[in-house]
Amino acid sequence: MDAILAYAQSRQNEIIALIRDLVECESPSGDPAAVERFVDLVSDTVSSFARLRRFPGDRFGPHLQCEFALPGANKDGQILALGHSDTVWPVGTLKQMPFRQAEGRLWGPGVLDMKAGIAFLVFAVRALRELDLPVRRRLLLQLNSDEEVGSESSRPLTEAAARRSLAVLVLEPGTGLQGSLKTSRKGVGDYTLVVHGKAAHAGLDFSSGASAILELARQIEKIAGFTNLERGLTVSPGVISGGTRANVVAAEARADIDIRVVRRKDAEILDRKFRRLRPFDKRCTLEISGGLNRPPMERTPAGVRLFGLAQKLAAELGVSLEESSSGGGSDGNLTAALGIPTLDGLGAVGEGAHAPHESILVNRIADRTALLAKLLAAL
Ligand SMILES: [Zn+2]
């Protein structure tokens, strides 16, 4: 059997124990103190074999970089392993969703997205060290504290680290219960449309009012029409609000709109369409803001080559690995947009990210850990 796989299997209980510790240290994006406790925990876990640096996350918790001590020269360029320490789950979620092992799975808030992925990387490093397998490159792990809320604060750090790297391995979950890797992801953006109308008494003075709600309704119909499913382009008004009382013609209404694109060019075309919106009722005015915040991870030859390597290494582990594309964004979008070969979805195999049934498959812990170690040894 593959020596790295044998190592990972023999350490499976330890890997599970680490996943449990990570899950039980809750770390929602909006709670900097909680995220900092999580960063402390990861730091303590790896401090004996990594050089650690923290970076302020502004209103979020700190971002963490770990440069690992690995066998071999580690001189010839850098590999960036990318993850995030934050989750979407508020502190206290563990009361309703305690960490547990049942039905061949581990359950708990953040277990899939992406605490197990972090544990896998730690044990991949330990495998390389304990089996004394030489690694050509330096390995930098970066954990961002604000990925689930758009990575505004971590983005410059991620981009700077990526620019110094030959390849980026993203520890986000794989796709589906097969755990396919992601070689492309849609770009994600949002727009806000605020309509200003003119308030009036709906009974006494109806005609002098200009309804912001009616105007918004017409605009939404138009905006939703920007969707082009064949090009993988979607425009989805997700939240609307407006008006004050039923007997008042509404003076203001707003919509928050999600956009997804496969190609960067489409985002530019879409942006022009948004900027060109004009009111149907000339007495109303429109205020449009927003844009693309994560560029698409487009499927590139270099990314596909990296996938091909992972596929070959997975086959040595007896796993047939597939390629997939995702409608969701990750920090891998940022690194891929810089032209750095990026392979995403290397974390856990499971389902229910951001949902109460969030869980990972226990019988995929060892091979995913081994795959990371083999990639690091091969790159
Ligand atoms: Zn994630």
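Me: Let's start with pairing: which residue stands opposite Glu67 in β6?

Reply: The general idea is that strands of a sheet pair through backbone hydrogen bonds, either parallel or antiparallel. Here, Leu140 of β6 is the residue opposite Glu67. Strands (E, at least two residues) and helices (H or I, at least four) are DSSP runs, numbered from the N terminus, and two strands pair if DSSP finds at least two bridges between them.

Me: Before going on, how should I treat the values?

Reply: This is a predicted model, where local features need pLDDT of at least 70 and side-chain atom pairs count only at pLDDT 80 or more, while totals for chains, interfaces and linings use all residues. Residues are numbered from 1 along each chain as its sequence is written, and side-chain values use heavy atoms, with hydrogens and water left out.

Me: Okay, in which sense does β6 pair with β2, and in which with β3?

Reply: With strand β2 (residues 60-68) the pairing is antiparallel, over four bridges. With strand β3 (residues 78-84) β6 pairs in the parallel sense, over seven bridges. On that β3 side, Leu80 stands opposite Leu140, and His84 has Asn144 as its bridge partner in β6.

Me: Is β6 buried or exposed?

Reply: Buried means under 20% relative accessible area and exposed over 50%, with partly exposed in between (1.4 Å probe, protein chains only). Six of the seven residues of β6 (residues 138-144) are buried, so the strand is largely enclosed by the rest of the structure.

Me: What is the strand order of the sheet around it?

Reply: The order is β1-β2-β6-β3-β7-β16, an open sheet of six strands with mixed pairing. At its edges stand β1 (50-57) and β16 (342-343), each with a single partner strand, so one side of each lacks a neighbour in the sheet.

Me: And what is the order in the four-stranded sheet?

Reply: That open sheet reads β4-β5-β18-β17, with antiparallel pairing. The edge strands are β4 (100-102) and β17 (350-351); each has a single partner, so one side of each is left without a neighbour there. Three bridges join β4 to β5 (residues 105-107), and Gln101 stands opposite Leu106 in β5.

Me: Now the metal: which residues coordinate the zinc ion?

Reply: Donors are N, O and S atoms within 2.8 Å of the metal (3.2 Å for Na, K and Ca), and water is not among the atoms, so sites may look incomplete. In this model the zinc ion is coordinated by His84 (NE2), Asp113 (OD) and Glu172, which gives OE twice, at 1.9 to 2.6 Å. His84 lies in β3 and Glu172 in the loop between β7 (167-170) and β8 (181-185), so the pair ties together parts 88 residues apart in sequence. Both His84 and Glu172 are buried.

Me: What geometry does the site of the zinc ion have?

Reply: Four donors count as tetrahedral if all angles lie between 85 and 135 degrees; four count as square planar and six as octahedral if opposite donors are over 155 degrees apart and all others between 65 and 115; anything else is irregular. With angles of 54 to 143° among the four donor atoms, this site is irregular.

Me: Last one: where is Ala253, and what does it touch?

Reply: Ala253 is in strand β13 (residues 252-261). Its relative accessibility is 1%, so Ala253 counts as buried. Contact means heavy atoms within 4.5 Å; leaving out residues up to four places away in sequence, Ala253 touches Leu193, Val194, Val195, Ala212, Ile213, Leu216, Ser241 and Gly242. Ala253 and Leu216 are 37 residues apart in sequence and 6.6 Å apart in space, C-alpha to C-alpha.
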